[in-house]
Every structure is written in structure tokens, then in C-alpha cells.
Amino acid sequence: MTDLVEAARAVLRDNDRGGYTVPTSGLYPYQWNWDAAFCALGWITFDEPRAWRELTRLMEGQWADGMVPHIVFHVASDTYFPGPDVWRTPHVPATSGITQPAVLASAARLCLERARNKGLAEDSLATLYPRMLAWHRWWVSARDPERSGLVGMLHPWESGMDNSPAWDEPLARVSPTPTSAIRRRDLGHVDAAMRPSEDFYKRVIALVDLYASLDWQPSRMWAQTPFRVADIGLNAILHRANRDLLALARRFGTPAEQAEIAARLDFTAAAIDRLWNAGAGIYQSRDLIAGTLIDARTSAGLLPLWAGIANDRLAALGATLRRWSERARFLVPSTAPDDTRFEPRRYWRGPIWGMMNMMIGEGLAEAGEHALARRIKRDTAAMVSQGFREYFDPLTGEGLGGGHFSWTAAIALYWNLPDEARVDAD
Ligand code: GLC
């Protein structure tokens, strides 16, 4: 075992709070939805029961209508804002009232493939499968009520890419809440220059207040929100998750469920294709209130590769990435480096995330773009081998944000980055 493997395992063990993994202690003291999915991919490489436990603990937060919240507040903590008192949701254990990208079913399927103890994997999946199906059905009923084939997010945090420049315009429609309501804790952990602005917080908390006043009822939220966006990242990840859920349905579900998922897949592939912007050389999100594509080029627009539906666009997406690499030493920046809003060190406005690189890199490899896939994997290995930071500066490779970060360590294990870093050093 290499030192890096040992160090990555230690991060997950240190961040284990009894069956769930906090992203990092202090800054993020609870269980996050898509973080849990990536953490499971790390755990499955050395502690299989713990990987399955991560996913079942996340499902303790699932709501009766199928929604899986973006945070499960298993145990109280005063190091994070906004906590349960701000969300005011009816669920026990306490949870937030919004969701996050649906990586879960993909992680579950990949864990099954990796697992040596197939009996344990199958037992775990027999319980998880119906719950994942319920979540995917919730996406359709709550977030695509008009059956457009695209799901909408009602809060920037649902994208997981909280502070992306793609949300600037739709968020401008949300009136900021008065300052007194904001009690930020993040600035006690991380430099303000790497975090979202005060104005951003005032607007995102205003949305939380609005939804709490609507008792978190999906149809009222959908109808009354000033912020409704078909995020390309969310839709691509959900498409991929439905492919993985379909594979699981063949083993754990009924023929009717298989047909239901397959039909949705055909529908969503066509809808996502309409988010392609040939001029920009990338997929983009749609503002569902303004009815226009959002003029921002972000790494989310590469995720149809992960979904397996970008083969016709492969050459153009490859050209986009090569263009980005002329300005950024490391791939894949979260915002195009030639965008005026590019900031290499600020949250989702430029920095690189390890798990984004894994999804984009695997998608490229599956599509046959091996040279770029390899480049992205080696870049990730070079950055991560300097430390398991939350994210990285694409111009210098420097680690930023929180340290001792779970999904960065998990991806290093799952994606065999220590081996990659060693080859690089040789
Ligand atoms: C930040 C990220 C989000 C992540 C969370 C915990 O809010 O933007 O994607 O899930 O931190 O790591």
C-alpha cells in the first residue's frame, strides 16, 4: 500500500461519524447528499460494509414523497450556517428542504461492480433500490411537473455548484434577505476570497425562507419561486443515474419499472440535447423563468459525457477542453478560463474539483477520447498528491478551501490516483 492510499483512507476514517462521513470537520459537520455517494466509492475500495452503510444512512433523511435532501443533520453542530433552525423542515432526523445531484444510483451500481462480497452488496441494494426509484420518481413529479424531459432546480445549492456564474442572472431576480438573518460560519474556517459573497448568501437564504413559508410543498414551490433553472449538470447526472438504476432494476425491480425508466431515458436524452450550444462548444443550463439558455460556460456543461449521451459532440467538447488548457495549466476548471467571471480561487468560479474530474474523465474514456481522459486523470493525481483539499487552482494546481476533504480522498482511492501520481513521478 502506498503512503497516499494510507493517507486517503485515514481521511475517510477521521471524517467518519458512525456510518456517515462528514465532508470535512468544522466547515461541513453533517452528511451531504452527493458527497455521500462519492464517499461510498472511496469506502468500497477498502471497507465494503462501511460503503453500504454510507448510502443507507443517507436514506435516513429521505422524505415520504421520495426527496433525498442535500444535508442530513444527524447530530447538532454549531459550526455551520444555515442549520436546522433556518430550514424548519418537518423531517426527523432534521434535514434541509432541497436536494442535490443524484449521483447515488450511479455510486450504488459502481459499488456493486467493485464489491467482492456480492451477498452483502445484493442485500444492501435490495433495500436501497426501491428508495432510489422513489427519489427518481420524485424528480419527475416534483421537478418536471410539465414533463419537458428536464428537471428544474429551485435553489443554487441543489446544483452542488453553489456559486457558479451560471446562477448570477437567475439569482438577480431574488430579493436579498435583511442582513440580520445571516450568521455565516464558513468564514471562520476558510478565507473570504475563496468563498461566496455576502450578497449571494442574502439571496439564497431568502429562497430558504420562501420555501419554508410554503411548508416545503413541491407544487407550491415550483409555482411561486423566482428561481427555476434546468441545470445541465443536474440533468446529465440524473440521466446517468437512471441508466444505472435501470441496470439495477433488471436485478431488483419489475419489468414495469424497467420500462418506466427506459422510457424516461429516451425522453431525457432528447431534452438534454436541446441544451447544446454549438456556438459556445458546450452544453448550457436553461433559465426556466426567462426561457433562455444561460450564457455561461462551466464544467457542468461537460457532464453529458458522464451521462453517455455526448458522442455526437465529442469533437467539439474535446476542442473546448483543449482551448481551456491553453489558459489553465490544469484541467478541468469549473468556469471557462476565458470567461470574464473566471476567478481561479473562488468557489465554483474557476477552481477544479476532483470528483468533477472523475466524472468528466470517465465520460471521455467511455466515449473513446483516451488522450484527454488520461490528461485529466494525471492532472488530478498531480494536484491531489499534494493534499486532499476541497478544490484546486487551475492556474497553479494549489489546493484551496477546506482540508482533509472526504470526496477528494474518496476519488483518489476509487480512481487509483496514487498509482497515477507514481507513474508521473517516475
Ligand atoms: C459545498 C459544495 C457542495 C458540497 C458541499 C459539501 O457546499 O458546493 O457541492 O456538497 O460543499 O462538500
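This is a short tour of a predicted model, beginning at the ligand and moving on to a salt bridge and then to a few points along the backbone.

**The ligand and its surroundings**

Begin by selecting the ligand, which sits in the largest cavity. Then add the residues around the ligand, namely Pro23, Tyr28, Trp32, Trp34, Asp35, Gln100, Gly160, Asp162, Tyr347, Trp348, Phe405 and Trp407. If you colour this shell by residue character, it divides into 8 nonpolar, 2 polar and 2 charged residues.

**Polar contacts of the ligand**

Next, keep the ligand in view and show the distances from its oxygen atoms to three of these residues. At Asp35, an N or O atom of the side chain is 2.6 Å from an oxygen atom of the ligand. At Tyr28, a polar side-chain atom lies 3.3 Å from a ligand oxygen. At Gly160, look at the backbone instead, where an N or O atom lies 2.5 Å from an oxygen atom of the ligand. Now switch on the protein surface and ask how much of the ligand the protein buries. Taken alone, the ligand exposes 310 Å², and the protein buries 96% of that.

**A salt bridge between two helices**

Leave the ligand and select Glu122 together with Arg251, whose side chains meet in a salt bridge with an N to O distance of 2.4 Å. Since Glu122 lies in helix H6 (residues 118-143) and Arg251 in helix H10 (residues 232-252), the pair ties together parts that are 129 residues apart in sequence. Across the model, the count comes to 30 salt bridges.

**Backbone points to inspect**

For the last part of the tour, hide the side chains and follow the backbone, keeping in mind that most peptide bonds are trans and that most residues other than glycine have a negative phi.

- Select Phe81 and Pro82, which are joined by a cis peptide bond with omega of about 5 degrees; Pro82 has its place in the loop between strand E2 (71-72) and helix H4 (84-87).
- Move to Leu331 and Val332, where the peptide bond from Leu331 to Val332 is also cis, with omega near 0 degrees; Val332 is found in the loop between helix H13 (314-327) and helix H14 (354-367).
- Finish at Trp216, a residue other than glycine whose phi is positive, near 60 degrees; Trp216 lies in the loop between helix H8 (198-213) and helix H9 (218-224).

Definitions and conventions. Residues are numbered from 1 along each chain as its sequence is written. This is a predicted model: local features need pLDDT of at least 70, side-chain atom pairs count only at pLDDT 80 or more; totals for chains, interfaces and linings use all residues. Side-chain values use heavy atoms; hydrogens and water are left out. A residue is near a molecule or strand if one of its heavy atoms lies within 4 Å of it. A polar contact is a pair of N or O atoms within 3.5 Å; within protein, one must be able to donate a hydrogen and the other to accept it, and residues adjacent in sequence count only if both atoms are side-chain atoms. Accessible areas come from the Shrake-Rupley method with a 1.4 Å probe; for residues, only the protein chains shown count as cover. On a 1 Å grid over the protein atoms alone, a cavity is a set of points where a 1.4 Å probe fits but cannot get out, and a pocket is an open set with protein on both sides within 12 Å along at least five of seven lines; lining residues have an atom within 4 Å of a point. A molecule sits in a cavity or pocket if more than half of its atoms lie within 2 Å of its grid points. Ala, Val, Leu, Ile, Met, Phe, Trp, Tyr, Cys and Pro count as nonpolar, Asp, Glu, Lys and Arg as charged, and the others, Gly among them, as polar. A salt bridge is a side-chain nitrogen of Lys or Arg within 4 Å of a carboxyl oxygen of Asp or Glu. Helices (H or I, at least four residues) and strands (E, at least two) are DSSP runs, numbered from the N terminus.
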